[in-house]
Amino acid sequence: MKIHFISPIAGILEDVSRTPDDTFSQGLLGPGFVITPTDDQIYAPCDGKISLLFPTHHAIAIHHASGINILIHIGFGTVDLKGEGFMVHKMLHDDVKQGDLLISFDDDFLRKNAISMAIPVVFLQKENLTILSKKEKNNFVEMELDIT
């Protein structure tokens, strides 16, 4: 299935295998990307519905109409912060449009207290991800993806 996708945060986008956590880097949750952020705001990468929002606000997932679930995990060691440094702008089961602000965070606080600021974005329970087209637009990466 093909979807139009925009990276959820400005930054440097690399293959998920570059994530500093084995669960993500080995693709155990699915294929995806890791982003080294240059901003402190997470936006909806596509239209959908919030299907998961961790109580600690360090991770959120969007269910796309195609059936794909996209997990955005903000940093590592951030679960231990128990929500401190995060501000949620959308709640569980909210409908979102591509570009809606989901979560903002205190970049300085997280950089001082998290293990890593790497932000993996994975397509849960999928096996293959093919980038059909990719271009940078205003510090975000815009892509057409084929996911199976």
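Seven strands of this predicted model form an open sheet in the order 2-3-11-7-6-5-9, with antiparallel pairing. The edges of this sheet are strand 2, residues 11-15, and strand 9, residues 95-96, each of which pairs on one side only. Within the sheet, strand 6 and strand 7 (residues 69-73) are joined in the antiparallel sense over 5 bridges. One position in this part of the sheet can be given by residue: Ile 60 stands opposite Ile 72 of strand 7.

**Overall dimensions**

The protein chain contains 2 helices and 13 strands. Its C-alpha atoms fill a box of roughly 40 × 30 × 30 Å along the principal axes. The radius of gyration of the protein chain is 14 Å, which agrees with the value near 15 Å that a compact globule of 148 residues would have. Of the 148 residues, 46% count as buried. The exposed area of the protein chain is about 7400 Å², and carbon and sulfur atoms supply 48% of this area. Among contacts with a separation of 6 or more, residues 24 or more positions apart account for 67%.

**Salt bridges**

The structure holds 5 salt bridges. Three pairs, with the distance between nitrogen and oxygen, are listed below.

| Pair | N to O distance |
|---|---|
| Glu 14 and Arg 18 | 3.0 Å |
| Asp 95 and Lys 49 | 3.2 Å |
| Lys 137 and Glu 142 | 3.8 Å |

In the salt bridge between Asp 95 and Lys 49, the pair links distant parts of the chain, since Asp 95 belongs to strand 9 and Lys 49 to strand 5, 46 residues apart. Asp 95 is exposed, because its relative accessible area of 56% lies over the 50% limit. Lys 49, at 34% relative accessibility, counts as partly exposed.

The salt bridge of Glu 14 with Arg 18 likewise has its own pattern of accessibility. Glu 14 counts as partly exposed at 27% relative accessibility, whereas Arg 18 is exposed, with a relative accessible area of 57%.

For the salt bridge of Lys 137 with Glu 142, the acidic residue is the one to note. Glu 142 has a relative accessibility of 13% and therefore counts as buried, the limit for that class being under 20%. Lys 137 is partly exposed, with a relative accessible area of 47%.

**Aromatic pairs**

A search of the whole structure finds 5 aromatic pairs. Ring pairs connect Phe 5, Phe 33 and Phe 123 into a cluster.

**Individual positions**

Thr 56 is placed in the loop between strand 5 (48-53) and strand 6 (59-63). Is this loop residue, Thr 56, buried or exposed? Thr 56 is buried, because its relative accessible area is 15%, under the 20% limit. Leaving aside residues up to four places away in sequence, Thr 56 touches Val 79, Lys 82, Gly 83 and Phe 86.

Asp 80 is found in another loop, between strand 7 and strand 8 (86-88). With a relative accessible area of 58%, Asp 80 is exposed. The C-alpha atoms of Asp 80 and Gln 41 are 20 Å apart in space, and the two residues are 39 positions apart in sequence.

Leu 132 lies in strand 12, which spans residues 129-137. Its relative accessibility is 45%, so Leu 132 counts as partly exposed. Which residues does Leu 132 touch, not counting those up to four places away in sequence? They are Lys 2, Glu 144, Leu 145 and Asp 146. Leu 132 and Ile 3 are 129 residues apart along the chain, while their C-alpha atoms are separated by 9.9 Å.

Conventions: Residues are numbered from 1 along each chain as its sequence is written. This is a predicted model: local features need pLDDT of at least 70, side-chain atom pairs count only at pLDDT 80 or more; totals for chains, interfaces and linings use all residues. Side-chain values use heavy atoms; hydrogens and water are left out. Helices (H or I, at least four residues) and strands (E, at least two) are DSSP runs, numbered from the N terminus. Buried means under 20% relative accessible area, exposed over 50%, partly exposed in between (1.4 Å probe, protein chains only). Contact means heavy atoms within 4.5 Å. Two strands pair if DSSP finds at least two bridges between them. Rings of Phe, Tyr and Trp (its six-membered ring) pair if their centres lie within 6.5 Å; planes under 30 degrees apart count as stacked, over 60 as edge-to-face and the rest as tilted. The radius of gyration is taken over C-alpha atoms; the globule rule is 2.2 Å times the number of residues to the power 0.38. Accessible areas come from the Shrake-Rupley method with a 1.4 Å probe; for residues, only the protein chains shown count as cover. A salt bridge is a side-chain nitrogen of Lys or Arg within 4 Å of a carboxyl oxygen of Asp or Glu.
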